[in-house]
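Here is my note on the model you asked me to look over. Please read the points below alongside the structure itself.

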Amino acid sequence: MLNKYLLIFFSFILITSCTNTKKKETENKEITLYTHRHYDSDKLIFEKFEKESGIKVNVVKANADELIQKMEIEGEKSRADLLITVDAGRLVRAKQKGLLQNATSEILEKNIPNHLKDEDNNWFGLTKRARVIVYDKNKVNPEDLSTYEALTDNKWKKKILIRTSTNIYNQSLLASIIANDGSEEAKSWASGLVENFARKPKGNDRDQVKAILAGEGEIGIINTYYLGKLINSKDSLEVKAGNAVGVFFPNQNNRGTHINVSGIGVAKYAPNKEAAIKFIEYLSSKEVQEIFANANYEYPVNPNASSSELLNSWGTFKEDKLPLSKLGELNKEAVIVFDEVAWDKGPNAE
């Protein structure tokens, strides 16, 4: 009889222990995401992941520089499992600061092309944006357009609109020109473009399109994502501005159009690395990639995923396959070149 009660007692202890272990495992099934992205569609994707995986996603939002600094200050005590930011240059910066770690995965190897991720698997592209030429449909013949380099031609004098040199997308574009054409040619390009500015650089990408509508210039250099936002805006003026311009993909007869990404990496001291990798795998899936594409007018990185109807209407294009890590490696040089050519002072600067 005693043995019977002992057996029941130990069975109870074992069941309780297993239950507590499973409860603990469930409680630990969560990840903390530091993200620069701020879209409603991302929130829906995260909620969908939670339901399908049982892994809770805690989201911390701020701009990229603030998040990178936060991770630096927190060090080993950081609760960040993942960092999402826009522009490959920032991802390279996070890697150089030792804030990311290797995240090897067969699924990610299959879903994300090599040039869109870090060679050490410290970060992975999630969505693509092409940096294109937009032009006034009523004033510019697209047959007169060809490459980024050709925008320095005298026929574009006082017609070019673009953001300041502090903009990371411009820094990455110049870094790509340095990588492809060499330092001297890149400096010559930047100097020549300044001479063709319609005004001093200012505003964001959407403002360049609005300025074309207002007659301030005829050519703009912007990310495709922003044009999608304008065309689908609730503001009638923004819609009018978006529809007033055509899209031209430069450098189709050589290296291809410059692209950039929003991307993700596993934090160096991630408390839940395995769950973090599962999350990246989920974001790289065909289904989720197409949600990104349709909701935010971004190009998917997964070759099997389809782009949105709007982006497809602009046509297919050849993209520059330059490894995006180069954008970060050459960022400092790009910033120096911008300063040397007095980019932000505009044309005829003394």
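The numbered points go from the basis of the model to the whole chain, and then to its interior.

1. This is a predicted model, in which local features need pLDDT of at least 70 and side-chain atom pairs count only at pLDDT 80 or more, while totals for chains, interfaces and linings use all residues. Residues are numbered from 1 along each chain as its sequence is written, and side-chain values use heavy atoms, with hydrogens and water left out.

2. The protein chain has 350 residues, of which 54% count as buried (under 20% relative accessible area, with a 1.4 Å probe and protein chains only). Its C-alpha trace spans about 100 × 40 × 30 Å along the principal axes.

3. The secondary structure comes to 15 helices and ten strands (DSSP runs, H or I of at least four residues for helices and E of at least two for strands, numbered from the N terminus).

4. The largest nonpolar core (buried Ala, Val, Leu, Ile, Met, Phe, Trp, Tyr and Cys residues joined through side-chain atoms within 4.5 Å) has 98 residues, and Leu227, Phe279, Leu283 and Trp343 are those with the most contacts inside it. A second, separate core of six residues includes Tyr39, Ile168, Tyr169 and Tyr226.

5. Beyond its neighbours within four places in sequence, Leu227 is in contact (heavy atoms within 4.5 Å) with residues including Val134, Val245, Val247 and Trp314. In strand β8 (residues 245–248), Val245 and Val247 point one way and Gly246 and Phe248 the other, and all are buried.

6. Strand β5 (residues 124–136) pairs with β8 in the antiparallel sense over four bridges, where pairing requires at least two DSSP bridges between the strands. Phe248 in β8 is the bridge partner of Ile133.

Methods
Buried < 20%, exposed > 50% of the residue type's maximum accessible area, 1.4 Å probe, protein only.
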